[in-house]
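Me: I should like a close look at one part of the structure shown below, and then an account of what surrounds that part. Please proceed step by step.

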Amino acid sequence: MTWPHETYSKIKQLPLEEQVLPGTSLCAGCGGLETLRLAAKVLGEKVVFVNAAGCFTLLAVYPFTPFHGSWLYTTMGSAPAGAQGIRDALDVLIAKRRLPKEEDLKVVVLAGDGTTYEMALSATSAAIGRNLDFYYFCYDNEAYANTGVQLSSATPYGARTTTSPCSLQHPAGTVREKKDIFEIWRAHRPPYIATLSARYPLDLAEKLARASRIAGPKLLLALSPCPTGWGFDPFQTPEVARLAVETGLWPLKEAVQGEVTHTYVPKRRPVEDYLRLQERFRHLFEPTRQEAAIRHIQDRVDAYWSRVRAEPPR
Amino acid sequence: MTMSGELLTGNLAAAWGARLAEVDYVPAFPITPQTEIVETLAGWCERGDLAARFVTMDSEHSMMTAAGAAAAAGARVFTATSSQGLLYAFEVLYTVAGWRVPLVLVNVSRALAAPITLESDHNDVLAARDSGFLQIHAETCQEVLDSILIAYRIAEDQRVCLPAIVNMDGFYLSFTREPVSRPEPDRVRAFLPPYRPSHLGFKASRPQALGVAVLNSVGYSHFRYQMHLAAMNALAVHQEAADDFARLFGRRYDLVDGYRLEDAEDVLVMSNAFATKGKAAVAAARARGRRVGLLRLRVIRPWPSAAITQALKGRRTVAVLDQNLAPGLGGILYQEVAATLGGEPDRPRALCSFVGGLGGRNIAEGEFEAIFARMAEAGERGRGVGPILLYTEEDRRQMDQWVTIAGNR
Ligand SMILES: Cc1ncc(C[n+]2csc(CCOP(=O)(O)OP(=O)(O)O)c2C)c(N)n1
Ligand code: SF4
């Protein structure tokens with residue numbers, strides 16, 4: 001099966017205009033920034049970003065902003081509620097003819113995984129429940145990165161963070177599984193959910209284009225390699241992003257009205273290829289190889305994809 | 001036409017305040033004793049009596065964020081909460097004030113858990129006193145309604161641009177019907193013009209960035225100090241609004257409300273609805289020959305230092321009756337009043353601190369009489385007393401009985 005690209009099938013079709021201008025204070029090689037850069041190209045400039053505390057809060061540092069559009073920093077736990085207030089106000093002002101329709105904006109929550117998977121989850125759940133017409137863009141770097149790379153519910157099994165160090169008692173580091181936020185969103189029955197990777201820009205852009213044709217809550221969940229937190233050289237960001245997908249650890253998929261489609265089915269390289277590149281998994285290989293932990297990660301990926309094969313997209 | 005003498009609860013008066021202000025947006029979350037306000041507004045929005053969007057939010061944290069964000073987008077916003085709800089929104093109070101957006105939040109004062117209770121005192125609203133929200137504390141249901149209109153006038157003024165809290169006491173005002181004169185919509189429009197901010201609003205043609213990081217102390221100090229100056233501007237803006245209000249509606253509201261202060265040697269300072277009890281006690285004490293008066297603090301943020309000093313300087317004794325208790329300190333407003341008078345050469349001979357009315361506990365006339373007696377004594381000795389908790393023998397016996405029943409003795 002090949003996933004039909006309706007809007008973007010060639011790199012040349014991506015908008016040339018940059019919506020996130022260079023010169024921000026984010027780390028060199030930040031994979032999250034690249035996902036945002038690509039997504040913002042498709043969203044265009046009639047956007048208001050509603051930001052929750054995290055690395056991306058440092059995109060707009062007074063008196064500079066890298067965006068053509070608007071920005072509102074809220075709090076860590078309530079960016080979806082900020083989106084609600086803006087969306088409602090725009091609707092009311094347009095309805096009362098105090099704001100011309102052309103002035104309308106896309107309302108986009110911009111948040112990390114800590115916010116998305118944890119602190120703002122109840123605010124998000126409620127916003128989806130109210131069928132809020134908004135985009136939720138999550139750059140998932142699998143940790144609370146901005147505060148120094150602590151464990152979040154998006155941290156995967158086997159990763160070491162500053163609050164889940166590996167020790168004699170916990171040789172594998174984090175031993176809980178990454179929360180499945182895709183399925184948590186899907187259980188709320190929003191019209192659109194997608195996973196993204198900056199290394200697959202056409203897939204990413206196509207999903208943004210699809211999302212923008214749909215009213216209601218839309219999740220865009222981008223795995224965002226973080227050289228600082230994950231421990232690799234900034235030049236390796238694209239490779240780490242690619243291997244996350246090619247090993248099958250980060251499935252590229254979408255759910256339209258709840259129907260899941262895998263938009264790319266990788267040949268699947270061993271997970272080890274991905275893990276080995278990163279300092280956060282180094283303890284799985286040195287000083288002794290932790291076969292059981294590596295096996296566990298591989299088994300889980302295998303089980304995922306065998307379920308995908310068992311349930312082909314309808 | 002002015003409807004005079006219609007019986008409204010404080011909550012209904014608050015809902016009418018929002019309706020007359022023709023608000024655009026009401027994000028809400030339930031908490032007793034505030035619910036009647038948002039239930040009423042929900043009904044009006046549903047039936048089209050008020051052209052606003054009403055949204056039930058998932059928490060006060062979300063509610064305040066939505067309220068602030070909508071205000072930042074250019075809508076006139078109203079919301080209401082109480083007690084634990086106000087505390088749950090705390091992080092966002094500071095955030096919204098920092099965005100410098102106007103909106104009005106009615107807080108129906110209720111004591112804070114634990115232990116949990118439904119009845120009123122002021123630890124909730126006073127905890128928010130440094131958030132950047134302006135604070136107006138109402139004594140009557142009429143004042144609740146009027147203060148909402150005044151609060152919008154001040155909050156939306158270009159010299160201020162800060163959100164405001166209008167406070168009323170739970171149960172004592174929220175569910176008490178009093179005659180309220182409901183201002184006529186046309187006149188309200190003359191007093192409070194439609195909200196058309198030229199400087200705020202998210203729109204395609206003029207992007208704005210709000211709440212951006214500063215990451216340096218120079219920027220942070222600048223913006224924080226700007227908030228302070230804006231809040232101080234609200235003192236003058238309040239007086240202009242009060243003048244206009246008096247001209248249009250015949251009711252006058254000052255920063256502080258003096259009762260029988262002319263020749264009073266001892267002055268009791270209070271706020272909110274219990275001030276009515278205090279005034280009655282002053283009248284009774286006057287009849288018995290005591291030269292006492294009462295100063296009600298109406299605007300608590302910005303803190304009206306000059307008005308307070310003016311009213312209290314040269315008195316023999318000033319006592320503050322706080323309906324809050326800051327554990328390890330005493331009464332909050334006492335501290336602020338004492339600090340205000342501290343630098344005054346003509347300051348009162350004695351400053352006293354009383355704490356009472358906690359968790360809605362009544363203050364009986366006899367207790368006021370005891371306070372006046374202590375004040376007179378303190379004035380004669382030239383030394384203040386307190387903090388003294390108003391707690392009677394009867395209260396103690398009641399408590400002993402409960403402790404026995406609970407099996408702890
Ligand atoms: C209420 C609150 N608690 C804690 C913080 C501190 N804080 C700032 S950024 C951050 C990490 C956010 O993590 P995530 O959402 O994953 O974004 P990232 O840092 O990875 O960009 C935290 C915990 C905060 N800003 N607010
Ligand atoms: S810590 Fe990671 S996510 Fe944050 S800016 Fe740096 S690279 Fe990006």
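What is the order of the strands in the open sheet of 6 strands in chain B, and which kind of pairing does the sheet have?

Reply: The model is predicted, and the description that follows should be read accordingly. In chain B, the 6 strands of the open sheet follow the order β10-β12-β11-β14-β15-β16, and their pairing is mixed. The edges are formed by β10 (256-259) and β16 (388-389) of chain B. Each of these edge strands has a single partner strand, so one side of each is left without a neighbour in the sheet.

At one of these edges, β10(B) is joined to β12 (residues 292-297) of chain B by 4 bridges, and the two strands run antiparallel. Within this pairing, B:Tyr259 has B:Leu294 of β12(B) as its bridge partner.

Strand pairing also crosses from one chain to the other. β2(A) pairs with β9 (residues 209-210) of chain B in the parallel sense, over 2 bridges. Here A:Leu72 stands opposite B:Leu210, a residue of β9(B).

This pairing leads to the interface as a whole. On the side of chain A, 40 residues are in contact with 38 residues of chain B. The size of an interface is often given as the accessible area lost when the parts come together. For chain A and chain B, the buried area is about 3000 Å², and carbon and sulfur atoms give 64% of that area.

The polar part of the interface can be followed in pairs. Side chains of opposite charge can pair when their charged atoms come close. Between chain A and chain B, the rule finds 5 salt bridges. A salt bridge joins the side chains of A:Asp91 and B:Arg53, with an N to O distance of 3.3 Å. Counted as polar contacts, the residue pairs between chain A and chain B number 17, with both residues at pLDDT 80 or more. On the side of chain A that touches chain B, at least two residues each come from β2 (70-73), α2 (79-95) and α4 (121-129) of chain A. With 11 residues, α2(A) gives the most to that side. Divided by class, the side of chain A that touches chain B holds 19 nonpolar, 12 polar and 9 charged residues.

The ligands come next. Ligand 1 is surrounded by 17 residues, of which the closest are A:Cys55, A:Gly114, A:Tyr139, A:Asn141 and A:Asn146. Because residues from chains A and B surround ligand 1, the site is shared between chains. Backbone atoms of chain A approach oxygen atoms of the ligand at several residues. A backbone N or O atom of A:Cys55 is 2.7 Å from an oxygen atom of ligand 1; the corresponding distance is 2.8 Å for A:Gly114 and 3.0 Å for A:Thr115.

A:Cys55 also belongs to the residues around ligand 2, as does A:Asn141. The others around ligand 2 are A:Leu26, A:Cys27, A:Cys30, A:Cys226, A:Pro227 and A:Thr228. By class, the shell around ligand 2 has 6 nonpolar residues, 2 polar residues and no charged residues.

Some points of backbone geometry remain. Most residues other than glycine have a negative phi, and most peptide bonds are trans. In chain A, the peptide bond from A:Tyr62 to A:Pro63 is cis, with omega near 5 degrees. A:Pro63 is in the loop between β1 (47-51) and β2 of chain A. In chain B, the peptide bond from B:Thr32 to B:Pro33 is cis as well, with omega near 0 degrees. B:Pro33 is placed in the loop between β2 (25-28) and α2 (35-47) of chain B. B:Phe171 is not a glycine, yet its phi is positive, at about 65 degrees. The loop that holds B:Phe171 runs between β7 (164-169) and β8 (178-182) of chain B.

Note on methods: Residues numbered from 1 in each chain as written. Chains lettered and ligands numbered in written order. Predicted model: local features only at pLDDT ≥ 70, side-chain atom pairs only at ≥ 80, totals over all residues. Heavy atoms only, no water. Contact = heavy atoms within 4.5 Å. Buried area = accessible area lost by both parts, 1.4 Å probe. Salt bridge = Lys/Arg side-chain N within 4 Å of Asp/Glu carboxyl O. Polar contact = N/O pair within 3.5 Å; in protein donor to acceptor, adjacent residues only side chain to side chain. Nonpolar A, V, L, I, M, F, W, Y, C, P; charged D, E, K, R; others polar. Pairing = 2+ DSSP bridges. Near = heavy atom within 4 Å.
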